[in-house]
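Open the model in a viewer and keep the selection panel at hand. The stops below are meant to be taken in order.

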Amino acid sequence: MKSEEQTKIGIAGFLILATLTLAAGISVYAVMFRASENILSKTLQLSLKSGEALVSNRISGELANAQLMVNRPPIVDSLTRLRADGSRREPVDALARIARAWVASGRFSAVSFHDAAGAEVASAGSFVKNQDQHIVLHTPADASLLWNRQFILHARFTIRNDLENRVGSVLLEARLPALETAIHDITAVGNTSEIALCSPVSAREMDCFLGSASANQFKRLQRIVDNAALPMNYALEGGTGVVFAKDYRRQNVATAYSPVGDLGIGMALKIDQSELYDPITQQLKRVGILLFALLLAGQLMLYLLVSPLVRKLVNSRRTAIANFREMESLSEKNSILLRNASDGTHILEKDGTLIECSDSFCNMLGYTREELLGKRISFWDAQMTGPEIQASLELQTSGHGPTLFETRHRCKNGEVLDVEVSSRPIPLEGRVVLFSSSRNITERKLKDEEVRRSRKRLEELLENMSSGVAVYQAVADGADFRFTRVNRATERINHVQREDLVGRNITEVFPGVEEMGLLDAFRRVWKSGNPEHLPVSFYHDEHLSGWRENYIYKIESGEIVTIYDDVTDRMLLQEALHRERDFMDAIFQSAGSPILAIDTRGCIVRFNRAAEHCSGYTFEEVKDKPYFWKNFLMPEQQQGVEAVFQNALAGNVRTRYENAWVSRDGKTRVLDWANTLILDDQGQMKYLLAVGIDITDRRNAEEYMRLVSSVFHHADEAIVITDTQASILEVNPAFTRITGYGREEVLGQKPDLLRSERQDDAFYEALWQKLVQEGHWTGEVWNKRKNGESYPERLTLSAIKNEAGETIRYLALFSDISDLKAQQQILERMAHHDALTGLPNRNLLRDRLDMAVAQARRTGEKLALCFVDLDGFKAVNDTLGHEAGDQLLIEIAAKLHAVCRATDTVARLGGDEFVLIFTNIVDETECRHLTDRVLAAVEEPVRLQDRQVQISASIGVALFPDASLEGDALLRLADQAMYAAKQSGRGRVHFASGQTGEALS
């Protein structure tokens, strides 16, 4: 019997131990798995939520700020004027300045303004060239998020005028470095974490920015992979959550996803599941080894202890059964009493271990009895530390009576309760235990705290009220009233300290209250209990005076409370307003401009004398007549002005506009109107105040100035206006085109910056003297462009005088005559140079020969006139053609020019005849050396049409003054000598008779 029971107990013990070990392992794994998933899910959601809020707020805020900037009046006005007249430069220049200023401020990286037709009119900065990598945003503006190694917001805004007509558009790009920082911070949740921003392309595709700790890239991805939607697909459909699924790489990931505000894009943060579960797997291996070791140790201990344990169990079995039956009846009664107590009753060992508890105690903490039994006080106590619990247990067990104290219990769901604990030591089975009862006093504590906070708030409210508050107690059956309490405002309003008030009667401190009527009001309220309002009244005594408004109440304690304000400033302000109203009415009536006030019915309610004079109607004739002001308008303008009034009723006032004003006698004037809305307390229009300025004369002058400006800007001649000190005040576009200087570069400068060095100071002094004396000057001057190039110009200067005949400005008109000068030079060159070779022709040769002869006569030196004729040229011309012949002449001309000195002259008379003038010749020998060089140069082969051609020359020489001839006679002598050279065998030089009479070769 004993062996059988022992075996059963052993087997049962092993199975229990193995089951507990396996259950512990599975529980640890499940708890770690679930905890990791929960922590990761919350981390991903929190990171994504903060990132989504930053992305949404940053983009939306940037778009909102951009919307405010692009709708500024200067931009709308410039585009409106450009829409009305596309040839005007002022609006284009204004838009260009705005674009440069925006880019320079760093607000935007690129700005481009476009007119109503979509054509670009001004720009600044550089737009991203690769626009393909973008995420489309769902915004009123045509916006997208570009990726160009950084985030760039790209948006186009349509610009409309006050009449909602489209006048143009603005294209902006702004860098968003905050998004990159946010993405870097978000991806810090793990090594494999990745953030994605995507916009839908179609039902199956999306454009995505993918950012991780290692790299950032832009891809077009499928929304469905392996017949399963990617988590981003849910975000694009408006969903928010966390999912464990496969990503676009077909890797198992945990992903948090969410739409980004109202921008029409999605955002997802993911991490590989392998990174998530790797720590769990490693820990599980360690736990498995530990559990297996514990199982072996437990089995060994079970084997060593089972035999004596079984013997003890068998021997005590009968005794235990008997005792159990005896105790069962009593235990059941105590158990019923214990477990059904209303308070949280529980029994503790002296060390704080729970050995029994009631159902109400379990319910209060949210645990089952099995979960609590055997636990110590620190398991549920959320207030005391370990040493404090030990000290409390010693205190409770050391006495004989109950111990009552407050502490806090922690429930299973994490909630913390305020409890009141009553504990008493009692004997149980030969030892002392603590019989304790816990009562939940959380609600009572909350109520007490709420009462305390309410009292504190009331105290703070009372002390921080701007109105004075005082509490009084009736004295002598209401004959007087004594201060019992006042707030800080009472001290401030009455310039006293509360110590000087509390405990004293009001008539003692403020003797003027009876004359003011406040004391009688106190008595009425104290007797009737009905509150009263004492309207604004004046208080005065020898220390204090001012206007006061009082509200008097009686409270349950029988005391009187008054709440009052010092309205002295308000009363003084009202008086000032009355004076201001009279003053403004005087200004209104005396203003020289028509002023009308129109109510919501369209009726004129104010009409000053200038309006009466301008319209021909009196105020009595026009007031309270709906839309009577249409009588002042031309028929074609009535509908437009009525639309302005209707928009004003809706709160959209058009502040400035112009129209024609027709008076009663039919006269028409042009008025510039400035409109202002006067609003009621609800922010709605109460009156429309219109102030008109007669601009008829100004409009006529502006029309004339537009004509003058048109001439100024479109003139082909450059125009410069200076002051009397010759400082430049204005230039026209032709000035910039001719000189290369921009308008801003020359304003304030002197015209001397254009001056070249071709005319001396005397020239300009004479010019200035004539301009001052006669008032004008016309002539040609040489000026210098910005790039340093000199150019000729035709200049006209005029002095502009005022009515007194005093010079107030100078006007300069000039035109570039470089082309005219070039044409003159071409004509002069054609008249003096050979068209084929560019050498001097017969006319220029004659001039140079005359100058060379005159110089030789002055210096006593010789000159040689050489007549050169090419030998064999006709054969080349006939064989290879005239084109080859021309090319040969050009080559020969270049050779002759190369062998001659800088002071010599090479000329072509025509055909194959050339003339050389050698100056500064010492003797005939020097001349022979020069002619030998000429023969050698001519005889060098020339390649024409892939053939080498070689010719020679015959030269006739006439020396001066050996031959006393000049000019044409000297030339004829050289010609005769050339024929002599040809007759002597060609390729020779012959000197004319009068020298040696012999041919030199």
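The tour goes through helix pairs, salt bridges, single residues and backbone details.

This is a predicted model, in which local features need pLDDT of at least 70 and side-chain atom pairs count only at pLDDT 80 or more, while totals for chains, interfaces and linings use all residues. Residues are numbered from 1 along each chain as its sequence is written, and side-chain values use heavy atoms, with hydrogens and water left out.

**Helix pairs**

Two packed helices are described by the angle between their axes and the distance between the axes. Helices (H or I, at least four residues) and strands (E, at least two) are DSSP runs, numbered from the N terminus. Axes are lines fitted to C-alpha atoms, for helices over the stretch in contact, and angles run from 0 to 180 degrees between N-to-C directions.

Select residues 73-84, helix H2, and residues 90-104, helix H3: their axes come within 8 Å and cross at roughly 145 degrees. The crossing of H2 and H3 is left-handed (the near helix is turned anticlockwise from the far one by less than a right angle; clockwise would be right-handed). Now show side chains. Pro-74, Ile-75, Ser-78, Leu-79, Arg-81 and Leu-82 of H2 are in contact with residues of H3 that include Glu-90, Val-92, Leu-95 and Trp-102, where contact means heavy atoms within 4.5 Å. The residues of this H2 and H3 contact comprise ten nonpolar, one polar and two charged (Ala, Val, Leu, Ile, Met, Phe, Trp, Tyr, Cys and Pro count as nonpolar, Asp, Glu, Lys and Arg as charged, and the others, Gly among them, as polar).

Next select H26 (residues 882-899) and H27 (residues 924-939), which pack at about 150 degrees with axes 9 Å apart. H26 and H27 are therefore roughly antiparallel to each other; angles over 145 degrees count as roughly antiparallel, under 35 as roughly parallel, 65 to 115 as roughly perpendicular and the rest as oblique. The crossing of H26 and H27 is right-handed. Ile-892, Lys-895, Leu-896 and Val-899 of H26 make the contact with Arg-933, Val-934, Ala-937 and Val-938 of H27. By class, the residues of the contact of H26 with H27 are six nonpolar, no polar and two charged.

The third pair is H24 (residues 842-859) with H28 (residues 967-983), packed at an angle of about 105 degrees with axes 10 Å apart. That makes H24 roughly perpendicular to H28. Pick out Arg-842, Arg-846, Leu-849 and Asp-850 in H24, then Gly-967, Asp-968, Leu-970 and Leu-971 in H28, for the residues that make the contact. The residues of this contact of H24 with H28 divide into three nonpolar, one polar and four charged.

**Salt bridges**

How many salt bridges are found in the whole structure? A search finds 53, a salt bridge being a side-chain nitrogen of Lys or Arg within 4 Å of a carboxyl oxygen of Asp or Glu.

Select Glu-194 and Lys-270, whose side chains form a salt bridge at 3.1 Å, N to O. Glu-194 lies in strand S7 (residues 194-200) and Lys-270 in strand S14 (residues 266-272), so the pair ties together parts 76 residues apart in sequence. Both Glu-194 and Lys-270 are buried (under 20% relative accessible area; exposed is over 50%, partly exposed in between, with a 1.4 Å probe and protein chains only). Add Asp-247, Arg-249 and Asp-272 to the selection to see the network of salt bridges that links them with Glu-194 and Lys-270.

Then go to Asp-672 and Arg-698, a salt bridge with its closest N and O atoms 3.9 Å apart. Asp-672 is in strand S28 (residues 668-679) and Arg-698 in helix H19 (residues 696-714), so this pair ties together parts 26 residues apart in sequence. Asp-672 is buried, with a relative accessible area of 7%, whereas Arg-698 is partly exposed at 39%.

**Single residues and backbone**

Select Ser-392 in helix H9 (residues 386-398). Ser-392 is buried, at 14% relative accessible area. Apart from its neighbours within four places in sequence, Ser-392 is in contact with Met-384 and Phe-405.

Move to Pro-961, in the loop between strand S40 (952-960) and H28. The peptide bond from Phe-960 to Pro-961 is cis, with omega near 10 degrees.

Finish at Asn-227, in the loop between strand S10 (224-225) and strand S11 (228-229). Asn-227 has phi near 60 degrees, a positive value in a residue other than glycine, and is exposed, with a relative accessible area of 81%.
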